[in-house]
Amino acid sequence: MSERFMEMVNRAPVTFGVLGLYVLLAFLTDPLNPKGGDLITYGAGVPLLVMDGQVWRLVSHCFLHGGLLHLALNTYALFILGPFLEQRLGSLRFAILYLMAGVSGGIAGMLWHQPLTLLVGGSGALFGMLGAILASNMRSGRHVLDFLSYPGTRMLLICLVVNLALGFFLPMVSNSAHIGGLIGGTVVMYCFLDLGRFTPDRTSRFIRSGWIAVFAALLFYVVFPVLRWDYHLKMSFYASGAEQRAEHKMLVDLYVAEGRDGVIEVMGTGPPVYNEIAERWQRGR
Amino acid sequence: MCLLWAAALVPPALYIGSLSAPVDTVLFAAKARTYLIYGASSIVAILAVLLLLYPPFLPYTRLQLAEIKRRLGTDHKPLYDGLYRLRHLETHADHLQVGRAARNLGQLPLALGHLSRAFEMDETHLAGRYELGRVLCEISQFPPAVQLLETVTQEDEHYCYGDALRLLGQAYARTGALEPAVSTLRRQLVLFPDNRQVHLLLAKVLSKLGDSEACIAELRKAARPRSKAERFGHADQLARARARVALWRGGRFR
C-alpha cells in the first residue's frame, strides 16, 4: 500500500505537494471552524487588501479552505484530476497551469466581489484543470469542435455546466472565481502549454501575446482599480495632491449618495486599516 | 484578435486618466459601460433577427436537432451485440454490423476501424464497400472513397445503394475531378430528379468549371418551391436555402 502510494507521489509530485499544502493550511486555520482573521493571516483573497498591494493573496488563496467539507471536495477533485494532468503535461507545466488558473480565478473574484469579501479555495484552479482537459481535446481534433463527437468529452462539458449551475444556486460559492479559473486554465492550455499538432505561426503568436496583455491588464486593474468606490476612499486619504484627494472624496460621496454597492453597509466592518479610513472619511463628511 | 489588445489597453488608460482627473475618468467609464451594454444588446438583437431571416439558418438548426434526436434514439444493442460476438470470433458480418451501428451513432473512428477490417476480410462484398466509402466521405478521406465508390456504382446495376452516385460525385468534386463529377451527378439526377442536394452540388461543380449559365440553371432547380407530391427532408430544405442564397449572389459560392 505504501509502495503504491509512493509510486503515485513520484509520478505526480506537484499534485501531492498541493494536497499537502491544503491539509497543512487547513490544520493551521482550524478546519472545523475556520475564522476570518486566521484565513486573512494565512493568505485569503480580499479585494481591499489586494488593492492595498498584497498581490500575493491571488496565489495564496488557492491553498486555503473554508471548512472541512470544502477541503474534502476540493481534495478529492484534485486527487482525481491532478495525477492525470500532471502525467500528461509534466510537473512543471502542470504547476504553471495550476498557478495561472488559480490566479485567474482570484482576479475574477477580486473584480466581481465586494471589497471585504473573503475568497478561499482551490476550486478556481480545479475548474482551470477541467478547462485544460477540454482545451487539450479541442486541440487534438481535426477542428476545434470535433471533440463534441465523442461521448467522454461531451460528459466533461456537461459536468462543467452542472458545476457552474450549482455555483449559481449554492450560497457562499464564488462562481466568478470558477469562471475566471475555467477561462484561465483553458486559455493557458490551448495557447501555451499544449501545442497539439500545430506549430505556432504568426497569428497564433499574436493571439498569445494578446492574451498575455489581457491578463496583465486585468492584474493591473485588480491592484489599481478605478471604478471601485473603496479605491477612491483609500485615495481620498493617500493621493499625493490635495486637489486629487478632494476629487476622490467627491467620488465616494457620489457613490454613497447613489447607494451603489451597499457602500454604507460595508464600511466599518473590515480590517483595522479599512475601518480607520472609513472613520476618518465619516468624520470629514 | 485586435479586440484582445484593445481590451488590454483599457485598464492602464483608465488609471492614467484617473491620475489627473479621477472624477471625469470615472464618469466617462461609467457612461461608456452603459453605452457598451445597450449598444451590445442592440447589436445582438439585430444579429439575432438577421440570423433568423437568413434562409439556411433555420433548416440547418432543424437538421442538427434531427440528427441529435436520431442519434439519441438509435438503439445501441446492435453495436454491443456485435462487439460481444467479435470478442469470441471475428467474422465479416459482425464487423459490418458494428461498423454500421457505430456510424449510425456518430462514432466514426470506431465505424472506420470495423468497416476497414470488414473490407480486408471480403473485398468483394458490395455493401461493405459502400458503407466504408460512405464513412470515408464523412471523414473527408475522398481519394480512397473514390476508388471504393467507383466499384460500387459499376457493380450496383439496380441502384440498391441510391446514394452511391451522389457520394461518388461529391468525392470526385473534392478531389478535383470535375468532369467525372458532373457526369456522375447527372446520372444521379436521372434516377432522382427532385434531389435538391444533388442539384446544389452539381451547381457548385459547374461554377468551378466556369459554366455560369448551367450553374444558375441548376441553382434554380434546387431553389424552386416544393411541390405537394415531393418528399422533402431537412437536408433538402437546407440545400434549397443555400441555393437561394447562391442565386442572390449571382451564382457565386463562398
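How many residue pairs are in polar contact between chain B and chain A, counting those with both residues at pLDDT 80 or more? Keep that in mind as you load the structure, which is a predicted model.

**Stop 1: the interface**

Start by colouring chain A and chain B separately, then select the residues where they touch. Your selection should hold 25 residues from chain A and 24 residues from chain B. Together the two chains bury about 2100 Å², and carbon and sulfur atoms give 78% of that area. Now for the opening question: the count is one residue pair in polar contact, with both residues at pLDDT 80 or more. If you go looking for salt bridges across the interface of chain B and chain A, the rule finds zero.

**Stop 2: chain B's side of the contact**

Hide chain A for a moment and look at the side of chain B that touches it. Select α1 (2-20) and α2 (22-53) of chain B; each supplies at least two residues to this side. The largest share comes from α1(B), with 11 residues. Colour this side by residue class and you will find 18 nonpolar, five polar and one charged residues.

**Stop 3: a cavity in the model**

Next, turn on a cavity display. The structure holds two cavities of 30 Å³ or more, and the second largest contains about 40 Å³ of space. To find this second largest cavity, select its lining: Thr153(B), Asp156(B), Tyr159(B), Tyr161(B), Gly162(B), Ala164(B) and Leu165(B). By class, that lining has four nonpolar, two polar and one charged residues.

**Stop 4: a salt bridge in chain A**

Bring chain A back and show side chains. Over all chains, a search of the whole structure finds 17 salt bridges. For one of them, pick Arg11(A) and Glu7(A), whose side chains meet at 2.8 Å, N to O. Why is about one helical turn between Arg11(A) and Glu7(A)? Both sit in helix α1 (residues 2-11) of chain A, and they are separated by about one turn because they are four residues apart there. Side chains of opposite charge can pair when their charged atoms come close.

How values were computed
Residues numbered from 1 in each chain as written. Chains lettered and ligands numbered in written order. Predicted model: local features only at pLDDT ≥ 70, side-chain atom pairs only at ≥ 80, totals over all residues. Heavy atoms only, no water. Contact = heavy atoms within 4.5 Å. Buried area = accessible area lost by both parts, 1.4 Å probe. Salt bridge = Lys/Arg side-chain N within 4 Å of Asp/Glu carboxyl O. Polar contact = N/O pair within 3.5 Å; in protein donor to acceptor, adjacent residues only side chain to side chain. Nonpolar A, V, L, I, M, F, W, Y, C, P; charged D, E, K, R; others polar. 1 Å grid on protein atoms, 1.4 Å probe; cavity = no way out; pocket = protein on both sides within 12 Å on 5 of 7 lines; lining within 4 Å. Points joined across faces, edges and corners; volume = space filled by probe spheres on them.
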